[in-house]
Amino acid sequence: MINHRGPEFAALIRRATARLKEFFQTQNDVLILTASGSGAMEAAVVNTLSPGQRVLAVSVGAFGDRFAQIAQAFGAQVVKLDFPWGQAADPAAVAEALSQGPGFAAVLLTHNETSTGVTNDLEALSRVVHEAGGDALLIVDAISSLGAIDLPVDRWGCDVVIAGSQKGWMVPPGLAMVSVGPRAWQAAAQAKMPRFYWDFAAAKRYLERGQTPATPAVSLFFALDKALELMAEEGLENIIARHRRIGEYTRAGLKALGFTLFAQGSHASNTVTAVRVPEGMDGAKLRRALREEYGVVVAGGQGLFTDKIFRIGHLGFVSEADIDGVLEALGRFWRA
Ligand SMILES: *Cc1c(COP(=O)(O)O)cnc(C)c1O
């Protein structure tokens, strides 16, 4: 390890931050937190809100629910807008919810819902939030989309956007990256929710010196630095195109095998595909057989869908050949 208060680390965090801004497509500040994605979700809430403030939490699955729970835990007055799992958020319904009653301080949105394999139309949703939401901040969980699915943070006016190292970035778990825009900084100056480790203002102050307030996960910064170098070589447009290609390839392969996809077709995610467990097949048995007999690890569903769907991740360091391996194993399991 290196001294995290020395010149080597300062160069590293500056280089990583500059590259992250390119991938976030933003001029906003980008902070790197030593945390899992959920830590950064909590940070987004406690830095921008005060207890008692009204927040609209739009949920299309387990991670949308988590965002609402975090805001609730810190005393926000959360109005929840739920859509059926497998469906995307409907911008018209979000506009309708925003027009009800006194103003909202923030809208919590999930860009790509990993529990269901749905990508929300964030461009349309952000337009609705800016038109119907008054001064509401737009806070986006982009943990399983940023770095893989297009998300122009500035063009879509997203005030806070959260990413996680273990998703599209090809880095082990443990770092979260957050962009913080001018309106979010204004809110932060007034926000009364308690915070210490998560304080964005402290992170920004330390970043100016090339440091973090507490000891960062230095080894993960090395990994992030290398991953960003690879990503810069490939280029954002190519990365997005590769994920689109692999998403389509995965969906086509599954359909050809006879599987039914879980997500609404028009909003199928290019980073994770959720598949219905066919009638008469045991979801837990399918996952175990794939793992033990074929060396293929797929995830089950979450909550009520644990054994009703399974999920294939195809983000970050992934190619068609990996998907071929999964499809081959699934085909053999089904025929066996
Ligand atoms: C993975 C994920 C999270 C949670 O991140 P952790 O790193 O597990 O805390 C939150 N939201 C989405 C959309 C995710 O994919």
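Here's a short tour of the ligand and its surroundings, followed by a visit to one helix residue. Keep in mind that this is a predicted model.

**Stop 1: the ligand and its neighbours.** Select the ligand, then bring up the residues around it; there are 13 of them. The ones that come nearest are Ser-36, Ser-38, Thr-114, Asp-141 and Lys-167.

**Stop 2: the oxygen atoms.** Now select Ser-36 and look at its side chain: an N or O atom there is 2.6 Å from an oxygen atom of the ligand. Next, click on Gly-37, where you should look at the backbone instead, since a polar backbone atom lies 2.8 Å from a ligand oxygen. Then go to Lys-167, whose side chain has an N or O atom 2.6 Å from an oxygen atom of the ligand.

How much of the ligand does the protein bury? Taken alone, the ligand exposes 380 Å², and the protein buries 89% of that.

**Stop 3: the helices in the shell.** Highlight α2 (37–48) and α3 (62–73), the elements that give two or more residues to the shell around the ligand. Of these, α2 gives the most, with three residues. Try colouring the shell by residue type, too: you'll get three nonpolar, seven polar and three charged residues.

**Stop 4: Ala-124.** Finally, select helix α5, which covers residues 122–132, and find Ala-124 in it. Is Ala-124 buried or exposed? Its relative accessible area is 14%, so Ala-124 counts as buried, the cut-off being under 20%. Now add Pro-91 to your selection: Ala-124 and Pro-91 are 33 residues apart along the chain, yet their C-alpha atoms are separated by 6.5 Å.

Methods
Residues are numbered from 1 along each chain as its sequence is written. This is a predicted model: local features need pLDDT of at least 70, side-chain atom pairs count only at pLDDT 80 or more; totals for chains, interfaces and linings use all residues. Side-chain values use heavy atoms; hydrogens and water are left out. A residue is near a molecule or strand if one of its heavy atoms lies within 4 Å of it. A polar contact is a pair of N or O atoms within 3.5 Å; within protein, one must be able to donate a hydrogen and the other to accept it, and residues adjacent in sequence count only if both atoms are side-chain atoms. Accessible areas come from the Shrake-Rupley method with a 1.4 Å probe; for residues, only the protein chains shown count as cover. Helices (H or I, at least four residues) and strands (E, at least two) are DSSP runs, numbered from the N terminus. Ala, Val, Leu, Ile, Met, Phe, Trp, Tyr, Cys and Pro count as nonpolar, Asp, Glu, Lys and Arg as charged, and the others, Gly among them, as polar. Buried means under 20% relative accessible area, exposed over 50%, partly exposed in between (1.4 Å probe, protein chains only).
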